[in-house]
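Open the model in your viewer and keep the selection panel at hand. This tour goes stop by stop: what to select, and what is there.

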Amino acid sequence: MAHTWGHCDWFLAHQVDQSNHLILMQWWSGHRPAKGDLLVGTVQPLEFCQLTTTEGDEMKVDVEAYDLDVIRALDLLAERCRYDEPP
């Protein structure tokens, strides 16, 4: 599931392993992720990946970091989106 922050190209997604860990990704093209989008596809760390929403919309993303706890994920998102406070 995607977690977005305003109009920032960076977003977070939950890992499918039920660990409560998150993945930090940057949107590049196609469907812009929206809060709550369910994403399907294989994620390779530090690579560009093609993902699809469960609605069939495709997007290209860059995976920057994975296996992040919530605090670290929000810190990185805030850094990338140039905000001082997490959402």
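Start by selecting Val40 and Thr52: Thr52, in E5, is the bridge partner of Val40. Their strands, E4 (residues 39-40) and E5, pair in the antiparallel sense over two bridges. Two strands count as paired if DSSP finds at least two bridges between them. Helices (H or I, at least four residues) and strands (E, at least two) are DSSP runs, numbered from the N terminus.

A note on the source: this is a predicted model, in which local features need pLDDT of at least 70 and side-chain atom pairs count only at pLDDT 80 or more, while totals for chains, interfaces and linings use all residues. Residues are numbered from 1 along each chain as its sequence is written, and side-chain values use heavy atoms, with hydrogens and water left out.

Keep Thr52 selected and add Glu58. Thr52 stands opposite Glu58 in E6. E5 and E6 (residues 58-68) pair in the antiparallel sense over five bridges. Now go to the turn of this hairpin, where four residues lie between the strands. Pick Gly56: its phi is positive, near 95°.

Next, show the side chains of E5 (residues 48-53). Which of them are buried? Cys49, Leu51 and Thr53 are, and they point to one face. Phe48, Gln50 and Thr52 point to the other face and are not buried. Buried means under 20% relative accessible area, exposed over 50%, and partly exposed in between (1.4 Å probe, protein chains only). In a regular strand the side chains alternate between the two faces of the sheet.

Now select the cysteines. Cys8 and Cys81 form a disulfide, with an S to S distance of 1.9 Å. The cut-off is a pair of cysteine sulfur atoms within 2.5 Å. A search of the whole structure finds one such bond. Trace where its ends sit. Cys8 is in the loop between strand E1 (2-3) and strand E2 (10-14), and Cys81 is in helix H1 (residues 70-81), so the disulfide ties together parts that are 73 residues apart in sequence. Check the torsion about the S-S bond of Cys8 and Cys81: at about -90°, it makes the disulfide left-handed. Both Cys8 and Cys81 are buried. What about Cys49? Cys49 is in no disulfide, and the nearest cysteine sulfur, that of Cys8, is 18 Å away. Cys49 has 5% relative accessibility, so it counts as buried.

Move on to charged side chains. A salt bridge here is a side-chain nitrogen of Lys or Arg within 4 Å of a carboxyl oxygen of Asp or Glu. How many salt bridges are there by this rule? The count comes to three.

Select Arg32 and Asp9. They form a salt bridge, and the closest N and O atoms are 2.8 Å apart. Arg32 lies in the loop between strand E3 (22-30) and E4, and Asp9 in the loop between E1 and E2, so this pair ties together parts that are 23 residues apart in sequence. Arg32 is partly exposed at 38% relative accessibility. Asp9 is partly exposed at 29%.

Last stop: Arg80. Its salt bridge with Glu64 has closest N and O atoms 2.1 Å apart. Glu64 is in strand E6 and Arg80 in helix H1, so the pair ties together parts that are 16 residues apart in sequence. Arg80 also forms a salt bridge with Glu79, with closest N and O atoms 2.9 Å apart. Add all three to one selection: salt bridges that share partners join Glu64, Glu79 and Arg80 into one network. Glu79 is exposed at 52% relative accessibility.
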